[in-house]
Structures are given as structure tokens and as C-alpha cells.
Amino acid sequence: SSVRMKGFIDCHCHISATEFDNDLEDVIENSKKAGLLALVAVAEHAGEFDKIIELSSRFPGFVWPSLGVHPVQDVPQRGATLQDLDAALPLIEKYKDHLLAIGEVGLDFTPRFVTNENQKDEQRQVLIRQIEIAKRLDLPLNVHSRSAGRPTINLLKEQGAKNVLLHAFDGKPSVALEGIKAGYFFSIPPSIIRSEQKQKLVKQLPLEFMCLETDSPALGPEKQVRNEPRNISIPAEYIAKIKGIPVEMVMEVTTQNALKLFPKLQKLMRV
């Protein structure tokens with residue numbers, strides 16, 4: 001039985017980013033006013049894990065933690081290695097009972113980060129090990145795949161990954177549809193209003209497999225302007241426009257999808 005929820009879920013954002021350090025209370029408050037019910041706070045590296053867990057206890061039932069090692073590590077930017085993962089593993093273990101998901105994980109074959117096949121292989125190993133962790137802990141995966149749509153989907157399928165969100169997918173609709181055949185969900189950010197590729201994606205993808213995200217502070221409606229979770233209504237409105245359906249329907253279906261994808265969010269229903 002599905003409960004009708006009035007509100008949005010931001011399935012992927014970086015609320016622990018330093019860009020929010022000065023006005024986080026306001027950012028959270030404004031996102032609630034904009035109809036947000038919950039946000040999924042994803043990590044990029046072990047150095048953020050404690051902060052994300054702390055934010056989830058500061059905003060209980062609203063900020064939901066997702067810990068993982070992103071395929072690109074700062075600074076200088078480079079592909080993730082197994083050493084990066086080794087730094088993260090004890091903390092994932094420590095916090096496992098608090099986690100909504102494992103993420104942000106994935107593959108990033110952008111040429112400036114990856115110069116040879118060995119680096120791609122190392123990213124694959126980092127992802128495979130995190131897929132194994134997600135399976136063992138029975139948690140969904142929050143997945144990044146830049147310039148690596150097909151390799152990411154193929155690897156997830158080979159490894160038998162179950163609950164999967166492909167965030168801000170940058171590949172072709174035909175590749176995304178392979179993911180949908182496997183039962184994966186795709187989250188759409190506010191940058192859809194300036195991305196022809198994302199507009200094409202939304203035309204092709206069934207609403208039943210779409211979620212909403214902001215990827216704050218990135219992927220906002222305007223380039224180089226800090227994005228915030230309150231902008232979650234922007235992709236909802238744009239999807240409604242493309243699909244020719246009311247925005248309320250987009251809200252309802254994407255929220256139900258998020259609850260299917262992240263079963264622990266269903267605690268939200270028990271208020």
C-alpha cells in the first residue's frame with residue numbers, strides 16, 4: 001500500500017560541502033519551505049564521513065547519510081585508488097547502521113582524470129568492492145558515471161547490484177534504457193534546463209524509473225552559481241513539461257520511486 005506523500009526527495013546532494021558551511025541552517029530551512037521531505041547526503045571521500053554523519057544527527061529524519069568513495073579524488077584531481085577505499089572502509093563499518101546508501105561511487109573516464117587502462121581498472125576495483133559492501137549491508141548504491149555510462153551499467157549488472165540510482169546520467173538514452181531493463185533508477189538535476197542531453201534522456205525514460213536530485217552545490221539551473229536543495233522543484237517542473245503531465249504527478253511518482261529505491265526512507269512515512 002503506497003502512502004501519498006506531498007513533497008520532494010532530493011536523492012543526491014553534497015550538503016557537507018564547504019559552500020554550505022556559513023548558512024546551512026538557512027539552506028535546510030529554505031529547502032523544507034520548498035517542499036523537500038528528505039535529502040540524501042552523499043560523500044566523495046573518507047574525510048567527509050564524520051561530517052555527514054554529524055549532519056544526519058543534527059537534522060534527524062531529514063538528512064540521510066550515504067558514504068562511499070567517488071571515482072575522482074581531489075586535490076589534484078585523479079582517479080580513485082584502493083588506498084582511498086582502505087581509508088574509508090573502517091568508517092563505513094563503524095557507521096553502517098546509520099547509512100541509507102553506499103555512495104557516491106562509480107566510474108569516471110573523463111580523459112583529464114584517466115590517462116590509461118590501469119587507472120580505469122583501479123576505478124573498477126574500487127567500485128566492485130563497494131558493490132560488495134552494499135550487498136553485504138543490504139544497502140542501495142548511489143552511482144556516478146561520467147563519460148562511462150555503459151561501462152558503469154555493465155559492471156553493476158555483472159556484479160548483480162540490486163537497488164541502484166544512477167545520478168545525473170550523462171550518456172545516451174539507449175544506454176540508460178539498458179539500466180532501466182536492470183531495474184535501475186535515474187535521478188534528474190536542475191541543470192536539465194540547460195542540458196539538451198538530459199532533456200533527451202527525460203523524453204525517453206519512463207517516469208516509473210525517475211527520481212529527483214539537486215547534486216548541490218553543483219548542477220544548478222545556472223552555471224557556476226551555488227545550487228541548493230530547494231531547487232528540487234526545477235527538475236520536477238521540467239519533467240512535467242516534457243511529459244505533458246501535472247507537476248503533482250511527477251512529485252508523487254518520483255517520491256514513491258525514492259521510497260522504493262531507499263527502503264529506510266520509508267521510516268518517513270511513520271510520522
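Strands are DSSP runs of E of at least two residues, numbered from the N terminus. In the predicted model described here, one such element is strand β6, which spans residues 101-108 and contains Glu104. The peptide bond between Gly103 and Glu104 is cis, with omega at about 20°.

The secondary structure of the protein chain as a whole amounts to 9 helices and 10 strands. With a radius of gyration of 17 Å, close to the 18 Å given by the globule rule for 271 residues, the chain is as compact as a globular protein of that length. Along the principal axes, a box of roughly 45 × 40 × 40 Å holds the C-alpha atoms. Among contacts with a separation of 6 or more, 73% are made by residues 24 or more positions apart.

Burial and surface composition were also computed. Of the 271 residues, 56% count as buried. The accessible surface of the protein chain is about 11900 Å², and carbon and sulfur atoms account for 50% of this area. The chain carries 34 positive and 35 negative charges, and the mean positions of these two sets lie 5 Å apart.

The largest nonpolar core comprises 75 residues, of which Ile15, Ile102 and Leu141 touch the most other members. Helix α4, covering residues 117-137, gives the most to this core, contributing 7 residues. A second core, separate from the largest, has 17 residues, including Ile9, Phe185, Leu259 and Leu265.

The surroundings of Ile102 were examined further. When residues up to four places away in sequence are not counted, Ile102 touches Gln130, Ile133, Ala134 and Leu137, among others. The contacts of Ile102 also include Leu139, Pro140, Leu141 and Asn142, as well as Ser66, Leu67 and Ile92.

Backbone geometry was considered next. In addition to the bond between Gly103 and Glu104, a cis peptide bond joins Ser216 and Pro217, with omega at about 5°. Pro217 belongs to the loop that runs between β10 (210-212) and α8 (233-243).

A positive phi was found at Asp138 and at Ser147. Asp138, which is not a glycine, has a phi of about 55° and is located in the loop between α4 and β7 (141-146). The relative accessible area of Asp138 is 69%; a residue counts as exposed over 50%, and Asp138 is therefore exposed. Ser147, likewise a residue other than glycine, has a positive phi near 55°. This serine, Ser147, occupies the loop between β7 and α5 (149-158). With a relative accessibility of 44%, Ser147 counts as partly exposed, because partly exposed covers the range between the buried limit of 20% and the exposed limit of 50%.

Towards the end of the chain, Lys264 is found in the segment after α9 (247-261). The relative accessible area of Lys264 is 28%, and this residue is partly exposed. Apart from neighbours within four places in sequence, Lys264 is in contact with Trp64, Lys96, Asp97, Leu99, Leu100 and Leu139. Lys264 and Pro140 are 124 residues apart along the chain, and their C-alpha atoms are separated by 9.9 Å. Leu139 thus appears among the contacts of Lys264 and also among those of Ile102.

Methods. Residues numbered from 1 in each chain as written. Predicted model: local features only at pLDDT ≥ 70, side-chain atom pairs only at ≥ 80, totals over all residues. Heavy atoms only, no water. Helix = DSSP H or I, 4+ residues; strand = E, 2+ residues; numbered from the N terminus. Rg over C-alpha atoms; globule rule 2.2 N^0.38 Å. Buried < 20%, exposed > 50% of the residue type's maximum accessible area, 1.4 Å probe, protein only. Contact = heavy atoms within 4.5 Å. Areas by Shrake-Rupley, 256 points an atom, 1.4 Å probe, with all protein chains shown as cover. Lys, Arg positive; Asp, Glu negative; His and termini not counted. Charge placed at Lys NZ, Arg CZ, Asp CG, Glu CD. Core = buried A, V, L, I, M, F, W, Y, C linked by side-chain atoms within 4.5 Å.
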